[in-house]
Amino acid sequence: MNYIGSKNKLSTWIKQVVSQTVSAPLDQLVFCDLFAGTGIVGRNFKPIVKKVIANDVEYYSYVLQKNYIGNHRRLEYQLFLEQLNELKGKKGMIFNQFSENGEAERLYFNEKNGQKIDAARQEIESWKKEGKINENLYFFLLASLLESADKVANTASVYGAFLKNIKATAGKTLAIRPAFFAETENSHEVYREDANSLIRKISGNILYLDPPYNARQYGANYHLLNTIAKYDDFQPKGKTGLREYYRSAYCQKGKVETEFENLIKSARFRYIFLSYNNEGLMSPETIRGIMSKYGDYHLETKEYQRFKADKTENRNHIASNTTEFLHILKKSKKEK
């Protein structure tokens with residue numbers, strides 16, 4: 001999935017740093033991904049740790065975590081996926097409000113793909129209500145639909161805006177591909193809560209933090225994924241069809257430092273790893289000052305090339321060098 005702040009390119013490095021920092025065998029430890037997003041970091045640790053705890057306040061992310069992290073045993077999905085791909089399109093909410101030739105004239109999807117998303121989403125919900133699929137298969141199919149729909153979305157990168165014309169990838173026919181997950185012997189936990197609230201209820205060994213680092217709210221940037229995932233009755237607002245969304249304190253300059261320190265203070269985890277980059281609301285000095293109060297702190301950095309939307313064209317992607325900071329805390333039993 002095309003995702004702001006994705007750690008896909010950095011996941012190997014993160015896993016390497018964690019392995020070098022933590023002294024105990026990872027297969028005996030509980031790893032928590034508190035701001036999971038697409039879940040790429042938790043997914044990489046899932047096969048090598050005792051248990052993963054995954055959390056994100058956004059519902060689309062919760063769907064992804066319920067599949068990628070929560071599912072850990074083989075599912076018989078083939079027949080259901082085939083049926084979804086064979087469905088004829090229906091003119092439902094996604095077509096009417098977010099697709100080409102729909103009544104709202106929002107070009108997030110072409111006409112056929114919008115109708116196909118509606119048909120598939122309605123069928124998945126019907127199967128669940130009729131008891132034809134259990135919860136595990138429900139989230140697997142829903143995650144597969146989200147991932148596949150994102151690949152044919154008519155956007156430059158996020159869902160804050162749609163393109164004026166249907167681009168080449170958005171013109172392709174939607175094919176719902178399986179959202180494969182790693183099978184493990186142990187089970188895992190998935191939550192959808194505010195991170196600072198959940199942290200008071202859980203405990204473990206390794207806490208990985210990848211909070212929003214700037215003023216962009218994920219609920220606004222990925223509102224359409226929430227809409228497909230929830231498929232609820234609401235009135236889309238404005239040109240982009242925005243829905244009501246959760247506003248994170250981590251995206252607010254005046255609140256982020258207090259919120260972050262409260263999180264670190266409340267965390268019942270021995271090792272804490274914070275991913276943050278050089279464009280964040282909190283400076284490296286601020287983060288070091290906060291984390292150092294609670295134990296032994298050190299910093300790892302990595303320069304890498306990422307791609308971001310070219311706002312002048314609103315469709316191309318340009319290379320951009322950035323520095324990823326991985327702030328590391330070995331938390332002491334008593335505050336310094």
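Before I give a charge figure, let me fix the counting: Lys and Arg are taken as positive and Asp and Glu as negative, while His and the chain ends are left out. With that convention, this predicted model carries 51 positive and 39 negative charges, and the mean positions of those two sets lie 2 Å apart.

Let me stay with the whole protein for a moment. The protein has 12 helices and 7 strands, and its C-alpha trace extends over about 60 × 45 × 30 Å along the principal axes. For 336 residues a compact globule would be expected to show a radius of gyration near 20 Å, and because the protein has 20 Å, the two agree. Of those 336 residues, 53% count as buried, and the accessible surface amounts to about 15,700 Å², with 44% of that area belonging to carbon and sulfur atoms. If we take the contacts with a separation of 6 or more, 75% of them come from residues 24 or more positions apart.

Now to helix H7, which runs over residues 135-151 and holds serine 148. Where does the side chain of serine 148 reach? It reaches the backbone oxygen of serine 144, at 2.8 Å. Serine 144 is itself placed in helix H7, and a polar atom of the side chain of serine 144 lies 2.8 Å from the backbone oxygen of phenylalanine 140.

Are these two serines buried or exposed? The cut-off for buried is under 20% relative accessible area, so serine 148, at 5%, counts as buried, and serine 144, at 0%, is buried as well.

As for what surrounds them, and setting aside residues up to four places away in sequence, serine 148 touches Leu174, Ala175, Ile176 and Arg177. With its neighbours within four places left out, serine 144 is in contact with Leu81, Ile176, Arg177, Pro178 and Ala179. Ile176 and Arg177 therefore appear in the list for serine 148 and again in the list for serine 144. For a sense of distance, the C-alpha atoms of serine 144 and isoleucine 228, which are 84 residues apart along the chain, are separated by 12 Å.

Let me move to lysine 66, which sits in helix H3, residues 59-70. Its relative accessible area is 18%, and since buried means under 20%, lysine 66 is classed as buried. Beyond its neighbours within four places in sequence, lysine 66 contacts Asn71, Glu135, Phe139 and Val190. Lysine 66 and glutamine 252 are 186 residues apart in sequence, and their C-alpha atoms are 28 Å apart in space.

My last topic is backbone geometry in one loop. Most residues other than glycine have a negative phi. Which phi does asparagine 101 have? Although asparagine 101 is not a glycine, its phi is positive, at about 70°, and this residue is found in the loop between helix H5, residues 93-98, and helix H6, residues 111-130. Glutamate 105 is placed in the loop between H5 and H6 too, and its phi is near 60°, again a positive value in a residue other than glycine. With exposed meaning over 50% relative accessible area, asparagine 101 is exposed at 57%, and glutamate 105 is exposed at 64%.

Methods: Residues are numbered from 1 along each chain as its sequence is written. This is a predicted model: local features need pLDDT of at least 70, side-chain atom pairs count only at pLDDT 80 or more; totals for chains, interfaces and linings use all residues. Side-chain values use heavy atoms; hydrogens and water are left out. Helices (H or I, at least four residues) and strands (E, at least two) are DSSP runs, numbered from the N terminus. Buried means under 20% relative accessible area, exposed over 50%, partly exposed in between (1.4 Å probe, protein chains only). A polar contact is a pair of N or O atoms within 3.5 Å; within protein, one must be able to donate a hydrogen and the other to accept it, and residues adjacent in sequence count only if both atoms are side-chain atoms. Contact means heavy atoms within 4.5 Å. The radius of gyration is taken over C-alpha atoms; the globule rule is 2.2 Å times the number of residues to the power 0.38. Accessible areas come from the Shrake-Rupley method with a 1.4 Å probe; for residues, only the protein chains shown count as cover. The place of a charge is taken as NZ of Lys, CZ of Arg, CG of Asp or CD of Glu.
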